Every structure is written in structure tokens, then in C-alpha cells.
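Reader: I've got a structure open and no clue how to read it. Can you walk me through it, one feature at a time?

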Amino acid sequence: ARGETLAEVYVVQRGAAKSNYKAFCAELPDDDARMGVFDEEVIDDDTGAKRNKILFFCWCPDDAKVRSKMLVASAKDHLKKRLPGISGEFGATDKTEMDYGMVLERVQHFT
């Protein structure tokens, strides 16, 4: 998210430790670009072991202003460098691209 000056990144909302993916997606606005981080517990298909994956999302809906999309795109790499442990990155322009099944399938392939 951006500050009022459009020159800073700040936390708009912090979810609860056991927040679910549906709640995370519900916070994404239909008319503004955002970045988000979600901590997902996944079960390894081969071993059955549980592991946490920290996922980085770049949300740029079609109805967001061009400037908003550009600011998120330009700040994305800078922010990711300051967030250790990110397992994967996702980009989406509408809620169908945030489908939990699709995300989980991709997460299973992250090392």
C-alpha cells in the first residue's frame, strides 16, 4: 500500500496469525493496486510434512488507476528484498486469478 504522498509503503492491515486466505483476498480493493504477504501452511504431497510458505502478492486490478499500478510495480522488488523468506510471488488483476486452488497448486511446486 502507499502513503498519502504516494512515496512511501506502509501496512494498511495486518491479519490475525491464523487468518485464512479468503479473509486475505476479501481485503483487496477492486479499484486500487496493493502488495500483500500471506503465510500459508501446506502439506508436502510426498512426505506429508507440514511447512509454512510465505507468499508475496502483487494485486493490480483492471479498475485501478494507472499511477497506482505503476507505483506498486516499481516498489515490488524493493519491498521483496526486505522481506526474508518469501517462497513465491503471485500477480493478479482480478479475483479469479487469486483462486485458492490455483495458488495452492503453484505453492506445492515451490522449494
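Reader: How many bridges pair β1 with β2, and in the parallel or the antiparallel sense?

Author: Here's the general idea: strands of a sheet pair through backbone hydrogen bonds, and they can do so parallel or antiparallel. In this predicted model, β1 and β2 (residues 50-59) go antiparallel, with ten bridges between them. Want a spot to look at? Find Ile43, which stands opposite Lys50 in β2.

Reader: Got it. In which sense does β2 pair with β3?

Author: Those two run parallel, joined by six bridges. For a landmark, try Cys58: its bridge partner in β3 is Gly91. Now follow the chain through β2, helix α2 (residues 66-81) and β3, and you've traced a right-handed β-α-β unit.

Reader: What is the order of the strands in the sheet?

Author: The sheet is open, has three strands and reads β1-β2-β3, with mixed pairing. Its edge strands are β1 (34-43) and β3 (86-92), each of which pairs on one side only. From one strand to the next, the twist averages 30 degrees.

Reader: Okay, on to the cysteines. Which cysteine sulfur is nearest to that of Cys58?

Author: First the idea: a disulfide is a covalent bond between the sulfur atoms of two cysteines. The sulfur nearest to Cys58 belongs to Cys60, 4.0 Å away. The cut-off for a disulfide is within 2.5 Å, and Cys58 is in no disulfide. Cys60 isn't in one either. The disulfide count for the model comes to zero.

Reader: Are these two cysteines buried or exposed?

Author: Here you look at relative accessible area, and under 20% means buried. Cys58 has 11%, so Cys58 is buried. Cys60 has 15%, so Cys60 is buried too.

Reader: Which residues have the most contacts inside the largest nonpolar core?

Author: Think of a nonpolar core as a set of buried residues joined through side-chain atoms. The largest one here has 15 residues, and Tyr21, Phe57 and Met98 have the most contacts inside it. At least two residues of this core come from each of α1 (21-26), β1, β2, β3 and α3 (100-107). There's also a second, separate core of seven residues, including Phe56 and Cys60.

Reader: What does Phe57 touch?

Author: Leaving out residues up to four places away in sequence, Phe57 touches Tyr21, Phe24, Arg34, Met35, Gly36, Phe38, Phe90, Met98 and Val103. Click on Phe57 and look for those neighbours.

Notes: Residues numbered from 1 in each chain as written. Predicted model: local features only at pLDDT ≥ 70, side-chain atom pairs only at ≥ 80, totals over all residues. Heavy atoms only, no water. Pairing = 2+ DSSP bridges. Helix = DSSP H or I, 4+ residues; strand = E, 2+ residues; numbered from the N terminus. Axes fitted to C-alpha atoms, helices over the stretch in contact; angles between N-to-C directions. Core = buried A, V, L, I, M, F, W, Y, C linked by side-chain atoms within 4.5 Å. Buried < 20%, exposed > 50% of the residue type's maximum accessible area, 1.4 Å probe, protein only. Contact = heavy atoms within 4.5 Å. Right-handed = clockwise from strand over helix to strand, strands pointing away.
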